Amino acid sequence: MDSFRFIILTPAGTYHPSLAIAANRAGEWGILDLEYCRDIKTAHTSIEQLAQHSRNPCGIKLDSADNPFFNQITEELPQPVQRVLLTASNREALPGQVAVLRKRKKDVLLEVTSLEEAQFGQEIGVAGLIVKGHEAGG
């Protein structure tokens, strides 16, 4: 069995990478949550800060429903950003997004809220699933 890992996401809507950086420095997976971000400049600045201060591979979370934002952000991710967590909000766009990220040698995780979404994630080849529900703490 693989070792257990913590995945720490920054609070939604804050776009400050400090929590992800701290998690990364502690040897866990720090993820910068950009799900609700629509400002390219803010996103790039936060990603650069995350990449600059991370000692290990780190990641970002993106909303799969915003394909133009996805394209602009993932076009040139810094080398330390090795993981991308996608929401399952745009089922039609997800296979293409996953293929683009895998071609760029990124680990793709999918945030799911149902068994159907989890099975779809498996079909399109994501590396892992993050199960989210109202029963969880966040």
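Colleague: What makes strand 3 and strand 4 a pair in this predicted model?

Modeller: A pair requires at least two bridges between the strands. Strand 3 and strand 4 are joined in the parallel sense over five bridges, so the criterion of at least two is met. Within this pairing, Ile60 stands opposite Val84 in strand 4, and Cys58 has Val81 of strand 4 as its bridge partner.

Colleague: What makes strand 3, helix 3 and strand 4 a right-handed unit?

Modeller: The crossover is called right-handed because, with the strands pointing away from the viewer, the path from the first strand over the helix to the second runs clockwise. Strand 3 (58-62) and strand 4 (81-87), with helix 3 (67-74), form a β-α-β unit of that hand.

Colleague: How do you know that strand 4 is mostly covered?

Modeller: A residue counts as buried under 20% relative accessible area, and seven of the seven residues of strand 4 are buried. Helix 4 packs on the sheet and touches strand 4 and strand 5; its direction makes about 175° with that of strand 4.

Colleague: What connects strand 4 to strand 5?

Modeller: Five bridges join the two strands, which run parallel. One of the partnerships is that of Arg83 with Asp107 in strand 5. Strand 4, helix 4 and strand 5 also make a right-handed β-α-β unit.

Colleague: How is strand 5 related to strand 6?

Modeller: Strand 5 (residues 107-112) and strand 6 (residues 128-131) pair in the parallel sense over four bridges, and at least two are needed for a pair. Val112 has Val131 of strand 6 as its bridge partner. With helix 5 (residues 115-124) between them in the unit, these strands make a right-handed β-α-β arrangement.

Colleague: Why are strand 1 and strand 6 described as standing at the edges?

Modeller: The open sheet has six strands in the order 1-2-3-4-5-6, with parallel pairing. Strand 1 and strand 6 each have a single partner strand, so one side of each is left without a neighbour in the sheet. Neighbouring strands of this sheet are turned by 25° against each other on average, direction ignored.

Colleague: Which strands does helix 1 lie across?

Modeller: Helix 1 lies across strand 1, strand 2 (29-33) and strand 3, and runs at about 170° to strand 2.

Colleague: Why is Thr10 called buried?

Modeller: Thr10 has 2% relative accessibility and therefore counts as buried, the limit being under 20%. Thr10 is found in the loop between strand 1 (7-9) and helix 1 (18-25). Beyond its neighbours within four places in sequence, Thr10 is in contact with residues including His16, Leu19, Ile31 and Asp33.

Colleague: What makes the approach of Thr10 to Asp33 a polar contact?

Modeller: The side chain of Thr10 reaches the backbone nitrogen of Asp33 at 2.8 Å. A polar contact requires N or O atoms within 3.5 Å, and 2.8 Å satisfies that distance limit.

Colleague: Which residues have the most contacts inside the largest nonpolar core?

Modeller: Leu34, Ile47, Ile60, Leu62, Ile73 and Leu86 have the most contacts inside this core of 31 residues. Among the elements that each supply at least two residues are helix 1, strand 3, strand 4 and helix 5. Helix 2 gives the largest share, four residues. Setting aside neighbours within four places in sequence, Ile47 is in contact with Leu32, Leu34, Ile60, Ile73, Leu77, Pro78 and Val81.

Key. Residues are numbered from 1 along each chain as its sequence is written. This is a predicted model: local features need pLDDT of at least 70, side-chain atom pairs count only at pLDDT 80 or more; totals for chains, interfaces and linings use all residues. Side-chain values use heavy atoms; hydrogens and water are left out. Buried means under 20% relative accessible area, exposed over 50%, partly exposed in between (1.4 Å probe, protein chains only). A polar contact is a pair of N or O atoms within 3.5 Å; within protein, one must be able to donate a hydrogen and the other to accept it, and residues adjacent in sequence count only if both atoms are side-chain atoms. Contact means heavy atoms within 4.5 Å. A nonpolar core is a set of buried Ala, Val, Leu, Ile, Met, Phe, Trp, Tyr and Cys residues joined through side-chain atoms within 4.5 Å. Axes are lines fitted to C-alpha atoms, for helices over the stretch in contact, and angles run from 0 to 180 degrees between N-to-C directions.
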